[in-house]
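Let's take a walk through this protein together, starting with its elements and ending with its empty space. Have the model open so you can follow along.

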Amino acid sequence: PSAAPRAALAPGARTRTKPPPRAATGATVFRYLRMPVRVSSPVQLTRLWLHDFRNYEAADLTLPPGLTVVRGSNGEGKTSLLEGIGYLATLASFRGVPNEALVRDGATQAVVRGEGERSGRQLLVEAEIAPGGRGRVAVNKQRLRRSSDLLDALRISVFAPDDLELVKGGPSGRRRYLDDALAALAPNHAA
């Protein structure tokens with residue numbers, strides 16, 4: 001008898017020849033997940049502007065290629081710089097605070113703008129944060145209608161001391177983390 005044709009596998013792909021193991025509860029344990037993932041080239045952030053964001057009245061930071069170290073004394077705004085970059089990528093604070101807390105005291109709105117380069121092409125992400133209202137976000141001067149449209153523009157990975165809760169805390173935090181990671185890797189699967 002002739003063998004059925006086999007589908008070509010991507011280099012490094014694995015096939016399962018036996019059923020997955022079962023945990024003591026009877027739930028299936030998955031060793032790997034197969035889903036289409038669109039991988040875009042990395043973005044090199046070259047410039048960051050903050051206006052009335054956190055403790056900054058105005059800041060204009062040019063970032064050279066490679067590793068950048070931000071240092072200073074406590075309370076000088078190092079984490080706020082990182083939070084501004086994080087906001088451009090996710091439209092949320094990685095500290096878990098509401099948008100009202102991102103606007104400097106006494107200001108009517110905050111603006112965060114980042115300029116970068118991906119595969120030789122310029123990328124500009126701009127976000128206006130309005131306390132108690134709806135902010136605006138634009139990528140390359142084109143206003144976004146949905147926040148999920150931003151998922152592929154700028155990707156970040158943040159590990160803060162609070163992230164130890166992933167290991168120490170309950171399963172809901174881990175599920176939320178995995179949901180966010182999968183949404184960043186495969187925006188088409190975002191809920």
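When we say α1 or β1, we mean a helix or a strand that is a DSSP run, with at least four residues for a helix and at least two for a strand, numbered from the N terminus. Keep in mind that what you're looking at is a predicted model.

Let's begin with the sheet. Strands of a sheet pair through backbone hydrogen bonds, either parallel or antiparallel. Here you have an open sheet of six strands, and the pairing is antiparallel. Reading across the sheet, the order goes β2-β1-β3-β4-β5-β6. Why do β2 and β6 each have one side without a neighbour in the sheet? It's because β2 (56-62) and β6 (142-143) stand at the edges, where each has a single partner strand.

Now zoom in on the end of that order with β4, β5 and β6. Strand β4 covers residues 121-129 and strand β5 covers residues 136-139, and four bridges hold this antiparallel pair. You can pick out who faces whom: alanine 127 sits opposite valine 137 of β5, and glutamate 128 sits opposite arginine 136 of β5. The two strands make a hairpin with six residues between them, and in its turn glycine 132 has a positive phi of about 70 degrees.

Carry on from β5 and you meet another hairpin, this one with β6, with two residues between the strands. In that turn, asparagine 140 has a positive phi of about 50 degrees. β5 and β6 run antiparallel and are joined by two bridges. Valine 139, for instance, has glutamine 142 in β6 as its bridge partner.

What lies across the sheet strands β1, β2, β3 and β4? That's helix α1, which runs at about 110 degrees to β1 (44-53).

Helix α1 also leads us to the pockets. Rolling a probe the size of a water molecule over the atoms shows where empty space is left. The largest pocket holds about 1,500 Å³ of space. Its lining has 42 residues, and Thr90, Arg176, Tyr177, Asp180 and Ala181 lie nearest the centre. Which helices each supply at least two lining residues? They are α1 (78-90), α2 (165-168) and α3 (171-185). Of the contributors, α3 gives the most, with twelve residues. Sorted by class, the lining has 21 nonpolar, twelve polar and nine charged residues.

Note on methods. Residues numbered from 1 in each chain as written. Predicted model: local features only at pLDDT ≥ 70, side-chain atom pairs only at ≥ 80, totals over all residues. Heavy atoms only, no water. 1 Å grid on protein atoms, 1.4 Å probe; cavity = no way out; pocket = protein on both sides within 12 Å on 5 of 7 lines; lining within 4 Å. Points joined across faces, edges and corners; volume = space filled by probe spheres on them. Nonpolar A, V, L, I, M, F, W, Y, C, P; charged D, E, K, R; others polar. Pairing = 2+ DSSP bridges. Contact = heavy atoms within 4.5 Å. Axes fitted to C-alpha atoms, helices over the stretch in contact; angles between N-to-C directions.
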